[in-house]
Amino acid sequence: MSNLQRYTVNFNEVSKIMKKTHFWKFVAFGTVCIKQEYEVYEQLAKDRFFDMSKFLKKTVERFWKAAATGYSMDEQYILAVEESFFTPRDGWEELALQFVQDIQEFFYAVSEKDEKCCLGMQERQVAFVEKYIQVTGLPSEQGQLLLEKSLTNHIEMAKELAEIPAKEKKSFLEEFGTRNREPLLGEDYLSHRPKQKIEKPGKKKLPEIRVTSIDFDREKKDSDNAWLLHSTPEQWVLGRECDMHKNGAYAKYYLEKNLLDLCYVMDVVYRLNAEADYIEHRDAKRARGFWYLSALTWLRAYQLREKGYPVKWVPYFERHEKGDSLPVFSWMLGAYASGEDWMLPEIQAFSCEKEKPWTAPLLQILTGGSSQEIYHLVEAWEDCDRKKIVLAILQNDKKEIRKFLLQRIRQDRQMYDLNRTMVDMWTYAFMRLTKERGIDMEPIIAAEVLDGNLDMIPVDKSFFKLPYQEEIDEWLATH
């Protein structure tokens, strides 16, 4: 029987045993394979230029917690894996690199809760063993013994996992993870490696944050948002297929020329367009164009309301007039993030009484007011991340500014399922404010803040227009 036939029979048997078991068992199965491969990597990487075992060991350990808790793997762990890739110089280093590739594959299998890919770790481990046999030139008989041992271990591990009830998961994993298993390649596998010249690996340090979130990467892979590039303001209202009778979420407002309500609801569309467009094109200027429209459509809605334009969707406006939220603060930051500072005083003028203690100091800050004059006003704000960031900016504290901005980005990434955030105009606005106030801080390179691009090129207003913009401007000018 060939190696391929042996593996196929083994895979089918393991799949049959693991069928209809809980996902944590698939994670545990794959983690054992990864741990065995890591032990080989750790020895191969010792005194080598590519040694990242300090970080990869934490990643391997984290897989046990993923199995026990069901929580997704944080992106810091995949960042450690991504930073561990290197160009191998011989077959032994190719073996070490294969472990890095295997752990990357397993990370996404766990992240996506893909049972088949988790189980696929047995195939990757067989390939790992075969690579070792190839590198060492082991006699056929010895190589077959190693492969048979791996295949047998997979069957035994699957049988044991399949029998464990969910209520015993935690105690079982604690014990299972501490077992001293026989090394994957045997006790003396390093004896086959030629003597290595000792290298002094450089001091390893991971980047402060991954440039894109895992969710951003997933959205990019599945996205089809190129249509935004050549569409019109009317098509942004009606949707991708431009079928105003069926597919446009806000077609009713558009068809009836209900300008005030159309302005209000489009705020959400423009923010989502900024995210979708940036995922597709990574163009900071275009993202800021949609942020500009988000702030402008909000401003025009309240100007229409102020001058008596009839409103049909009353509840939102009543909520704001009662002071139930702080939208003005938000859209001042949106206007500032877009680079259209002329909107700031006009938006701030619509603050309700509850908002003014927030928006009045913010207007001063965004327009270059003195730090000493504003500081005590900001101190009176309720505790929140906005307050912490603004106070740090007023104090010119680069370390604290960076810490709080990174916290916001990481929190957004953790909250993806509850609050999808691909680009964040608030955090971007604060980063711009840091620069505008003369604080010499390196930009944060992350997709949420447009990859640190603070070049405030004016928005192309001939392209970024509101639907019925001429009619809205004319109505406001004549009333």
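Start by selecting G137. This glycine sits just after helix α7 and takes a positive phi of about 70 degrees. Keep in mind that the model is predicted.

**Helix α7**

Now step back into the helix itself. Select residues 121-136, the 16 residues of α7. How far apart are the end C-alpha atoms of α7? They are 22 Å apart, which agrees with the 22 Å expected at 1.5 Å a residue.

Next, colour the buried positions of α7. They are M121, Q122, Q125, V126, F128, V129, K131, Y132, I133 and T136. While you look along the helix, recall one rule: an α-helix has 3.6 residues a turn, so residues three or four places apart point the same way.

**T59 in helix α3**

Move to residues 53-69, which form helix α3, and pick out T59. Is T59 buried or exposed? Its relative accessibility is 0%, so T59 counts as buried. Show its surroundings too. Leaving aside residues up to four places away in sequence, T59 touches M73, Y77, A80, V81 and I103.

**Salt bridges**

Side chains of opposite charge can pair when their charged atoms come close. A search of the whole structure finds 30 salt bridges. Here are some stops.

Select R402 and E208. Their closest N and O atoms are 2.8 Å apart, and the two form a salt bridge. R402 belongs to helix α22 (residues 398-414), while E208 is in the loop between α9 and α10, so the pair ties together parts 194 residues apart in sequence. R402 counts as buried at 18% relative accessibility. E208, at 35%, counts as partly exposed.

Go on to D473 and R300. Their side chains meet in a salt bridge, 3.6 Å from N to O. Which helices does this pair connect? D473 lies in α24 (residues 469-477) and R300 in α15 (residues 284-306), so the bridge ties together parts 173 residues apart in sequence. D473 is partly exposed, with 35% relative accessibility. R300 is buried, with a relative accessible area of 15%.

Return to helix α22 for R408, and add D424 from the loop between α22 and α23. These side chains meet in a salt bridge of 3.1 Å, N to O. The pair ties together parts that are 16 residues apart in sequence. R408 is buried, at 11% relative accessible area. D424 counts as buried as well, at 6% relative accessibility.

For the last stop, select R48, R89, E93 and E199 together. Salt bridges that share partners join these residues into one network.

How values were computed. Residues numbered from 1 in each chain as written. Predicted model: local features only at pLDDT ≥ 70, side-chain atom pairs only at ≥ 80, totals over all residues. Heavy atoms only, no water. Helix = DSSP H or I, 4+ residues; strand = E, 2+ residues; numbered from the N terminus. Expected span 1.5 Å × (residues − 1). Buried < 20%, exposed > 50% of the residue type's maximum accessible area, 1.4 Å probe, protein only. Contact = heavy atoms within 4.5 Å. Salt bridge = Lys/Arg side-chain N within 4 Å of Asp/Glu carboxyl O.
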